[in-house]
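Notebook open, coffee poured. I want to go through the chains and then the contact between them.

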Amino acid sequence: MSEAAEKVESASDARRRILNIAVSTVLLETGFDSADKVALETLTEILQCFFTEVGNAAKGYCELSGRVEPVLGDVIMSFVNMGISIQGLEQYAARPNRHVIQPPQQAPAPRTPAMLSAGSKAKPAPHIPFHLPPLPDPHAYIRTPTHKQPVTEYEAIREKAASQKRDIEKALTKFLAKTSETHNLFNTDDNQVYPLIACKPTFPAYLTCLLPTDQVFDFDELEYHFQVANRTEDMPPDKKDNSDNEGDNGNDDTANSQTDTQDSQAPPSPKT
Amino acid sequence: MPMSRMNSPAVGMDDDGVAGHALSDFLLHLENYNPSIPDSVVAHYLNMSGFESQDPRLIRLIAIAAQKFLSDIANDALQHCKMRTSSQINQNSKNPKGSKEKKYVMTMEDLVPALQEYGITARKPHYFV
């Protein structure tokens, strides 16, 4: 909005400047060499008020007589009203040393860039009057779907679900075989040929079967249970390195028996 | 048409009848004289007050009337200015250089009394705070 106000002001500034130039021309013709800025502004203001007053009065007289377009008589009456004599006007117009100011250049109106329109605008239907503005770009009101309709046949969906499940399982097992611990079928050290995902036994092994739950309510419990599941004290020593326990490798047997009893009383939670 | 409208009411309209007659001729002659103020500017200010005319001669008439008004004021101000400078020159009469060029500067001191004779009272502050 401030931009619009600035544009309006600059337009009126341009006209005001032209009035300034006109006043300066008149002063030059009269014989002055220079003028005070204040005096110049006063005379410009007087000139603008003159035009406004003449326009107002002439319009009033014109409408008074029931017309819409002003005529010479209206203008003369407004001059008489303001006390401006018309007698010496012709001599004044014919004076020898008169300057004419160039009319101002008209700035071209900025056109909206055509690159913003996409597609050709549709022709208006015959029931729309011609004086209404043209239709907007077709993408503004016509909807084209961007994707195919999904398949809804039972067989196709069933097949898709089965193949997805198979792919997911394959990908996950490959991932786990590469990243987590692996068992080796053969008695070699490197295990690139046929890795098996290592099975981590829980202690006691029958516990999960006796206590079924289908939701995990407490993740602290789950973590505790996981720690319990990874205890290495009872495992044979060659498997100790494979387990991912960090702090329990240094415990001796007495501590083990104590922790055994504690663990059996610990709140059980299944390994999911 | 404007002549007949002006002539029909009886009392005291003779001068206007003559003037109307002369001015319709003037309007015809007016096409030769271009006023100093461009037509588009004058038309804009007239449009702002509601006066819209398709006849450019009418606009030129108003422009020339405005110009004459201004030049009358300027002439009066010049008289004031000359009176002031001539009184000053008489005070500094010992001037061996001869007649120097007189530069007339239009100031508020000359303008205000000139406007006073036209009934326009202009009071401007000397400075802005």
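Below are my entries, in the order I looked things up.

**Ground rules.** I am working from a predicted model, where local features need pLDDT of at least 70, side-chain atom pairs count only at pLDDT 80 or more, and totals for chains, interfaces and linings use all residues. Residues are numbered from 1 along each chain as its sequence is written, chains are lettered from A and ligands numbered from 1 in the order in which they are written, and side-chain values use heavy atoms, with hydrogens and water left out.

**Chain A.** I looked up the secondary structure and got 8 helices and 3 strands; helices here are DSSP runs of H or I with at least four residues, strands are runs of E with at least two, and both are numbered from the N terminus. The order along the sequence is α-β-α-α-α-α-β-β-α-α-α. Chain A has 272 residues, and 22% of them count as buried (under 20% relative accessible area; exposed is over 50%, partly exposed in between, with a 1.4 Å probe and protein chains only). For contacts (heavy atoms within 4.5 Å) with a separation of 6 or more in chain A, 45% join residues 24 or more positions apart.

**Chain B.** Here I find 5 helices and 1 strand, running α-α-α-α-β-α. Of its 129 residues, 40% are buried. Residues 24 or more positions apart make up 63% of the chain B contacts with a separation of 6 or more.

**The interface.** How many residues does each chain bring to the contact? I read 57 from chain A and 54 from chain B. The buried area is about 5000 Å², with carbon and sulfur atoms giving 77% of it; this is the accessible area (1.4 Å probe) that two parts lose on being put together, summed over both. On the chain A side, Phe32(A), Phe51(A) and Leu72(A) lose the most area to chain B, together 14% of what that side buries.

I then checked polar links. The rule finds 0 salt bridges across the interface (a side-chain nitrogen of Lys or Arg within 4 Å of a carboxyl oxygen of Asp or Glu). There are 7 residue pairs in polar contact, both residues at pLDDT 80 or more; that takes a pair of N or O atoms within 3.5 Å, where within protein one must be able to donate a hydrogen and the other to accept it, and residues adjacent in sequence count only if both atoms are side-chain atoms.

Which elements of chain A supply at least two residues each? I noted α1 (2-30), β1 (34-35), α2 (37-64), α3 (72-82) and α4 (89-93). α2(A) gives the most, with 15 residues.

**Strand pairing.** β1(A) pairs with β1 (residues 105-106) of chain B in the parallel sense over 2 bridges; pairing needs at least two DSSP bridges. Ala35(A) has Met106(B) as its bridge partner.

**Two residues of chain B.** Phe51(B) sits in the loop between α3 (39-48) and α4 (56-91). Why does Phe51(B) count as buried? Its relative accessible area is 1%. Beyond four places in sequence, its contacts include Gly55(A), Ala58(A), Lys59(A), Pro70(A) and Val75(A), plus Leu46(B). Leu46(B) is itself among the buried residues of α3(B), and Gly50(B), after that helix, has a positive phi near 100°.

Ser71(B) is in helix α4 of chain B and is buried, at 6% relative accessibility. Leaving aside neighbours within four places in sequence, I list Val26(A), Thr30(A) and Tyr92(A) as its contacts.
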